[in-house]
Amino acid sequence: MFLLVYQFFLGPLLRENLDVRRIPISLERELTIALSCGDQWKLVAEKLGFTPPEIRFLDKRTLNPAEALIGYIANQRYLSVGELYDVLCDCDLPVVADLL
């Protein structure tokens, strides 16, 4: 007997064009903790264009590197919830993406 599991990506629950700086604080906290409890945030950082030295810097000097990552990139350029959702899915993090 085989069990087939289908994974559907429905998109974020928040508005796709919402600026990531406007994500509700409680949701942002849940998202960044989920990314920072392992090395998943590093995959996201790479996809967002961070260099290896920048990733090492955040890894060694911040308590919540995912929060610093999202905050930094949002201050450099516009990043929408939809873009972040897509990046998280590209990094094989659909469960984290579904928080959005």
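**Helix packing and an aromatic pair in an all-helix model**

Helices α2 and α3 pack with their axes 10 Å apart, at an angle of about 145 degrees. The structure described here is a predicted model. The crossing of these two helices, α2 and α3, comes out right-handed. On the α2 side, the contact is made by Trp-41, Lys-42, Ala-45 and Glu-46, and on the α3 side by Ile-55, Leu-58 and Asp-59. Sorted by character, the residues where α2 touches α3 are 4 nonpolar and 3 charged, with no polar ones in the mix.

Stepping back to the whole chain, the protein has 6 helices and 0 strands. Read from the N terminus, the order is simply α-α-α-α-α-α. The protein has 100 residues, and 40% of them count as buried. Its accessible surface comes to about 6700 Å², with carbon and sulfur atoms contributing 56% of that. As for contacts with a separation of 6 or more, 69% are between residues 24 or more positions apart.

Next, the aromatic rings. The count of aromatic pairs in the model comes to 1. That pair is Phe-50 with Tyr-72, arranged edge-to-face, with 5.6 Å from centre to centre and 70 degrees between the planes. The angle earns that label because planes over 60 degrees apart count as edge-to-face. The pair ties together distant parts of the chain, 22 residues apart: Phe-50 belongs to the loop between α2 (40-47) and α3 (52-61), while Tyr-72 sits in helix α4 (residues 65-76). The two partners can also be looked at in terms of accessibility. Phe-50 has a relative accessibility of 10% and so counts as buried, the cut-off being under 20%. Tyr-72, with a relative accessible area of 41%, is partly exposed.

One last backbone detail concerns Asp-92. This residue is not a glycine, yet Asp-92 has a positive phi of about 60 degrees. Asp-92 lies in the loop between α5 (81-90) and α6 (94-97). The side of the story told by accessibility is plain enough: the relative accessible area of Asp-92 is 66%, so the residue is exposed, given that exposed means over 50%.

Note on methods. Residues numbered from 1 in each chain as written. Predicted model: local features only at pLDDT ≥ 70, side-chain atom pairs only at ≥ 80, totals over all residues. Heavy atoms only, no water. Helix = DSSP H or I, 4+ residues; strand = E, 2+ residues; numbered from the N terminus. Buried < 20%, exposed > 50% of the residue type's maximum accessible area, 1.4 Å probe, protein only. Contact = heavy atoms within 4.5 Å. Areas by Shrake-Rupley, 256 points an atom, 1.4 Å probe, with all protein chains shown as cover. Phe/Tyr/Trp six-rings, centres within 6.5 Å; stacked < 30°, edge-to-face > 60°. Axes fitted to C-alpha atoms, helices over the stretch in contact; angles between N-to-C directions. Left-handed = near helix turned anticlockwise from the far one by under 90°. Nonpolar A, V, L, I, M, F, W, Y, C, P; charged D, E, K, R; others polar.
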